[in-house]
Every structure is written in C-alpha cells, then in structure tokens.
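Please read this briefing alongside the sequence and the coordinates. The points are grouped by topic.

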Amino acid sequence: MNPLRKLFRHPAGLFGAIVVAVLVLSALVSLVWTPHDPVFTDSARRWLAPTWAYPFGTDNSGRDIFSLIVAGSRVTVLVAVGSALGAGILGLLLASLGALTRRWVREGVAVLIDVLIAFPTLLIAMLLAAAWGGSLLVVIVAVSIGFGVNIARVTRPEIRAVLAADYVLAARASGIGSLGILRRHVIPNILPVLIVQLSWGMAIAILAEAGLSYLGYGAPADTPSWGRLLSELQTYIGIQPLSVLWPGAVITITVLGFNLLGDGLRDVTDPTLADPILSETVPASNAPVSPAAAAGATSDSSARETEPAHITPVSPDATEAASISETPETQEGTR
Amino acid sequence: MTRFLLTRALLLVLGLAVASVLIFLALRLLPGDVAQVIAGTDATPERLAAIRDSLGLERPLPVQYGEWIGGLLRGDLGNSVVTGTPVAGEIWEKAQVTLPLALLSMLIGLAIAGPLGVAAALRRGRPAGFALSGGAQALAAVPVIWAGMLLVIVFSLWLGWLPAQGFPRAGWSDPGAALRSLLLPALTIGIVEGAAMLRFVRSATLGVMGQDFVRTAAAAGRTRTGALLSHGLPSVALSIVSVLGIQVAGLLVGTVLVENLFTLPGIGRMLVADVGNRDLTKVQSEILVLTAIVLIIGTLVDVVHRLLDPRQREVAR
Amino acid sequence: MSLIVENLRIDFGARTVVHEVSFEVSPGARLGLIGESGSGKSLTALAILGLLPEGARASGSIRLDGEELLGRPDRELAGIRGDRIAMVFQEPRTALNPLRRIERQIAEPARLHGRLSKAQTRARALELAELVGLPEPAEILRRYPHELSGGQRQRVSIAAALSAGPRYLLADEPTTALDVTVQSEILNTFDTLVRESGSGLVFITHDLAVLARIADHAVVLADGRVVESAPVRTLLEAPQSELGRRLLAAARRTAFRPAPITREESTND
C-alpha cells in the first residue's frame, strides 16, 4: 500500500500530517494576509475579550493575538525547516565520517558524538548567543548541531549495516566509488529512519525556538514569534492570565503534531511491524483490533479523499514520505 | 570491574577535554574581535586594551586555553570580565538553588513516571491505558515555560497557595520558605520531564511483561500483576537508571528556563544574564560546569547500572 | 481425583488454535502430549494454569479434582499455581529472573504457598538443590542464573516446580533446549523425582524417543486437534495417525543421529 495512504489510516500520523499542513498553510497565507496587522498597536483596543473579529482577544498594546500567532508561524516554519536541513546534513556528514573513513577517524567521530550528545541544545544556543548575539540563525545552528549529533548516532549503525551488506560489497567489487555507494545504496536505505528523525527534530526545534525567544535570544524584537509572544503576555499574567493560553496551546499542538507525524511515519515505514496501526496495539497477527485503530479506519475514508489530498503537496514531510515506498523496490532492483 | 571503571574514567576525562576545547573555540574563533564583543561597539580604545590585557588575548590560543584549564584544575574558574568578581564562588552560591531544584524536579518526575508508566502498560489497549499514554504524549509536547505559567495561574493567582516567583533572600536558613518557592518550579519541570519518562517506563514495562521469568513467577503462585510487580519491576527500574543520564540533560535545560520564569537566583538565570552581558569568561566556565555535570552524572549512571545488574557485575568465582 | 481437560478450545480473535482437546491425568499417572511446533501443546498447558498470552481465550472445561478452573479469577488461580499444579518451562535461559540469586528462586512456590520462615526457606532451598543434583549446592545458591549452565538452570526450574509438592506437574519440553548429553541426565533426574513425588505428569514434547522414556500414555496433537490417544507402547508399535507414523520415523532416525530434528512439512504457521 502507498505509504502516504497508510499514514492517513494511522490516526496519530493523520493528526500530525494535518497539524503540519495547517502550520505550513498559515505561514504561507500570513505572507500576504492576516486578519489584522500583527504589529499594529492601538491602546484603545487593549485587552479585548475574544470575539469573532479578535478570536484570541488582544494584548496590552492592542495587537490581535490571533494575527500574531498566524504571523508567528513563519518563524516556526523557518526554524523547523532550517534546523531539519542543518541537522540532516550535519548528521549524515558525521555519520558517514563515522562509518566510511579510516579507523582512527571513525573512533574520533564516535567520541565527538558521545561528547556532543551531552551538550543540551539550549546550552549550545546560549554559547552561540554569547558569541554572536541572539538570533534565529543561532537557534537554527544550535538545533542543527544538537539534533544533528542525534541523527548521526542513530544513522551511523544503519550506514555501517548497509555497507556490510552483500549487494554493497558486490557494487564495490564492480568498481563503484564511495560517493556512488553513498548515493545509490546508503541514502535510500536510511531515508525512512532519517525522515522520522527529522520530524521529531522539528518538534525539538519548535520547542527550542519558543524557549530561546522567551529568554530573549531567539526571534528579534519586531518579528512575531510564539515564544516571544508567550514572554510578552507573561508580563501581564497578573492582569490577563488567560491570554497566555493561546500561544502556549498552539506551540503544544504543533509540537505534538510533529511528534505524532514522526511516530506515524515510523510505524508506516518500519518493516518489522506487521500491521502498525497504532503503537497501542500489540504488534502481532493475533492482536485484537483496538478501539482507537477501528476509529481511525472509519474516519479515514472520508478524510483521505477530501482534505489531505490538496494539503499534501504543501507539506514537505508528506511529499518526502511518498518516496519511502520506493526504497525497498529500488533496493531489490539494484541487487 | 576495575578495568571498566578505568576505561569509563578515561572516557570521562577525554569527554571533558573535548567539551572544554569546543566551548573555548566557540567563544574565541567565531565572533571576530572578542574584546569588541565584550565591550560593545562604542567602547573606548583604552577599555578594549584593558579587556585584551585581562583576557590575555594577545597571547596564542593554546596558551590562553592552557591558562583557563590550569585555573580550572586549581578550582579557579576565572573572573568576570564585567564585574571582576571570581566566577567559582558565584557558581557555588547559585548552585544552592539549581541543584536542589534539579533534584526535586527529578524526584517529582520519577514519582509521576514510575507508577503511571507501569499503570499505562498494565492497562494497555483499554481506555485508561490509552488516556495515560495519550496524556503523556501530549504533556511531553508542552513547552516548559508554558507549563510553568499555567501552574502559576492555578496555584499562585487563583488558589494563592504558592509564591509565583522569587527565592527567599535568606536562602536555605529558612528551609520551609526556600522549599515552598522551589515547589512550583520543580513541579513544572517534573511534570513535563515526567511525561517524557512515563512513555519510557511504559515501554520498558511492556518489554518486561513479555519476559519468560515473569511468567515463571506467575506459575509459582502469583497473580499475573503480582508477578510483574515483584519480579518485573526491578528490571524496569534498571532500565530507568540507564536513561537517567539523558534525563539530567533535559532537567538542566528545564532549570535554565524555569529559573528565568520564576526569577530564581540559580545558575541558569545567571547564565542567561551573562550571555546578555557578553561576559565571555563567565559564560565559558558556566557552560563547562553544566556540561561537566551532565557528563559526570552520565558516567555515574553507567557505573551504577553496572553495579546493579548482576549480569554485568564480575563476581569472583 | 484427577486433572481433566475436556473439549478445550483456544481462540486468538477469529483464529482457533486449539480445537476440542480432551485428556485426563490422575496423580501418579504419566501423560505425554506430543505434536509438532504450533500444534497447540504449550498453549494447552498454559490454559490449565490460566497463563495464556494476552488476546487468547479458552473455552470448554478444565477440572482440577472436580473444581472448574476455566473462568476463575486470576487471584484464585494464583493460589492453585505452584501449589497444586506446577510447571517447568522450556527455555532455561530466560525462565529464571536474571536479577535474583538462585536461592530466592529455587524454593519460590514453597515459600509462596507454604508460608515458610526465612530460615526454613533457606533450608528448603539447600535441600532442593541437593535433591536435583546441583553440584556444590551451597555455593550455587548464591549465584545468579547467568552464572549457571543451561542444564543447571533447568535443574533449578525442576526443583522450583516440585518445591511445594504439587499434585500435578506440567513440563513443557524441559530438555529440548539442552545439549543431547545433558538432556539425558536431566531426563533421568526428572523421571526419578516425579516418580518419587507421585505427581500426575503432563509431559509436552515433539520427540517420541523422549516421550517413550517418560510417559505411559500419549495424546498426539496436530493443528490443535487430538489425532490419536493411545498407550505409548501402542504408539511405538502401531501408530494409527499419519503424524504418529511420522513422529515414530523421526524418533528412529534420531536414535542414530543425535541432532535436533528438522522437519520438511510446515505446520499451520
């Protein structure tokens, strides 16, 4: 079955895909339109209660919180995509160095990975912020390093396993160079693992952006960002406590979405699971169908045909997920 | 065992060395003129010269690094470029907030993750189990700062039970007040970290549930649940120990954020302020100390795990 | 006074893995349950103890000295397990708790059901270790399972199963995972001990040669159905079922070639 379809049958994966699609969509739309100008201040309309015109109300300077959140999704998408790219490239580079090169380089890389794993991403970001001053680039670079190391640690054994496989040895014998093997055999084989990791990595990137922007080392002052909004609203938590609900809930749902998308992609692409509908079920042929799985199966028939059909091209994850199914087949072909 | 301890100690030293070099280089190589960064663009040439002199920036990098490390080994973490006060004393003072906070957070996290994780495994496939693991999944996605704000709203603003910020000036001389001001921050980290750990405990428990020796214990005359609790849980506990090292890293990140949210005078808040002041010597030592804590606890956890697991312990025959 | 299994049926969701299996054992009697892997022998034993894997459902009747066991709550079955019916499992590598010393495991059923004091448990453990022929029993009791050989671990399992003096003993291929030479010794120990204890035995195996040494009566299972039920002597001389003939042929071959039997025919899974 097409993995994208499988993903949409997976309730958690479907939820994740929808969240990510909505996020990307709102970031794109906010480039040309938001309900109100997110940076326009008007003291006459400060702390308005939620209404149709201002669904989440307004803040202390009269800005529309909903528009701020919609506009803030741009920063979120930028940081998520930037971090995923950076972490993916750095991770694969480290993993390849740790798998393909001479022994002493490999050992050195292994130690480096072990040490870097101990550096929490936030500390890397603080270190870079001390040197460069805070910026979104610092956030992206910090997550790229912090999560890239994680990717390297997960993919390095996979790469080594692929390299030791018979068909790769055969390819080597027939004179295909390291780069060729990397491109033709290694990358297609670790792509499923990589995509799952990147989805989880984006969740971490979003949390990191929120945290660092909160501390004042992320998004610049004039750029709408969820973390920054949270810290601004916190100042008035004694006056308008409930206004912090909105940005916080939006961050939580988005992070949850990326996490669940990662879970869904893992279940869909992991060939060791017989029928991975939901991690709740026992992965065995004799497992009873869980109520959640049954619910997912019924809800997808309507959802699959309508919404996600036009949403998918927008989501970079979903389109990449489509290529996963090719992996085993191409592998058979090249063997 | 001795051999294992030696290798592990050697790896720890190697790790600390690599970490210190990375931290040092990140702060010296990246920004261009270090003195300019510290003093700001409008600094006078005299001020710049003074900073260069005090940091020894004219000397080659290996010498600067050597001096820093040499000082570290003597317990001297250098002086603040901005205020001139010694860093070590200040870190020690702030640690009296951060370490209890981290410890309390971990205890709360374990108290949540342990029982509920096991319960989630026992109730797998049923509504309660689904609610527990789903709830944990959602909670683990909550930004720590937001979790803190929500707790403040409920416990400080509405119920008025606990202080929303600050730490008693008298510190631990009034343990009750000190503990009270750490309770909400620790709860914040504990709940979010606990949710992440719950998922781990759940899958560890599920793994143990399928083990033959748990079935043997049931066949000996225990209920299925009783067999899991008495024979399975020690194995679960063992796997929790093995991930505590990773948890510590998450915990420290949590303290940095939460100390700022609750204005607690700890290492995390100091670090954030020093990054803002571009106090590079302080930042460099603080980050090394925090990284060292993660690395040392990671090593300790490895050793403890070894000691607890009879399969890895070498017994004299 | 007997353990009666009647029309036992075990389902996994829509799949039925054991159909209408019936047999009876009295104390002192020795029944062999023989069949290929996947024939439902082990599940039948687990059903008697109420320890079927999650998702499996048993129906029919299992009566212990007149009491129905099927459908009883786990708490009540726990009082029977180890005390009146005990079981020895197949895999000695995983059947013992890796984190507990042998001393705390070898007398576990006796301790759970006998309300022994700490000192009594210790004495009983030593007694049991000697009984099953463990070398240097006092020393071995202080060890952890991974420090014992497979044969020694299986001796521990047998001792534990017999520790509370169960009236019925289920043994699920207790020697299959062992080396051939060890297999024979353990089988001898097992045979003697069960004879002395006077327990009714249900011995599960796929090997007719092993069965012939241990059991008096044989029930042959194929795909979860009883295809033959006869005295072992009859089965050895004139098997009625197709599977019975195949098992006999296989047993004859192993007599010359002491290697694990490999089968051509695949079973239902």
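What follows covers one helix of chain B, the nonpolar core, and a few single residues in chains A and C.

The structure is a predicted model, and every statement below should be read with that in mind. In helix α6 of chain B, the buried residues fall within an arc of 130° when seen down the axis, so they line one face of the helix. The largest nonpolar core holds 259 residues, and helix α8 of chain A gives the most to this core.

**Helix α6 of chain B**

- Helix α6 of chain B runs over residues 127-139, and because a rise of 1.5 Å a residue gives its 13 residues an expected span of 18 Å, the 18 Å between its end C-alpha atoms agrees with that expectation.
- The buried residues of α6(B) are L132(B), S133(B), A136(B) and L139(B); seen down the helix axis they fall within an arc of 130°, and therefore line one face.
- These buried residues pack against two other helices of chain B, namely α5 (87-122) and α8 (175-209).
- On the face turned away from the buried side, α6(B) carries the exposed residues P127(B) and A131(B).

**The largest nonpolar core**

- Among the 259 residues of this core, those that touch the most other members are A125(A), L127(A) and I206(A).
- The helix that gives the most to the core is α8 of chain A (residues 178-215), which supplies 18 residues.
- Once neighbours within four places in sequence are left aside, the contacts of L127(A) are with I23(B), A26(B), L27(B) and I287(B).

**Positive phi values in chain C**

- E20(C), a residue other than glycine, has a positive phi near 45°, and its place is in strand β2 of chain C (residues 15-25).
- With 13 other C-beta atoms within 10 Å, E20(C) is partly exposed, because a residue would need 12 or fewer to be exposed and 20 or more to be buried.
- D65(C), likewise a residue other than glycine, has a positive phi near 45°, and its place is in the loop between β4 (56-64) and β5 (67-68) of chain C.
- D65(C) is partly exposed, since 13 other C-beta atoms lie within 10 Å.

**L137 of chain A**

- L137(A) is found in helix α6 of chain A, which comprises residues 136-164, and it counts as exposed because it has 12 C-beta neighbours inside 10 Å.
- Although L137(A) and L78(A) are 59 residues apart in sequence, their C-alpha atoms are 9.8 Å apart in space.

Key
Residues are numbered from 1 along each chain as its sequence is written. Chains are lettered from A and ligands numbered from 1 in the order in which they are written. This is a predicted model: local features need pLDDT of at least 70, side-chain atom pairs count only at pLDDT 80 or more; totals for chains, interfaces and linings use all residues. Helices (H or I, at least four residues) and strands (E, at least two) are DSSP runs, numbered from the N terminus. The expected span of a helix is 1.5 Å times one less than its number of residues. The arc is that of the directions from the helix axis to the C-beta atoms. Two residues are in contact if their C-beta atoms, placed from the backbone, lie within 7 Å. A nonpolar core is a set of buried Ala, Val, Leu, Ile, Met, Phe, Trp, Tyr and Cys residues joined through C-beta atoms within 7 Å.
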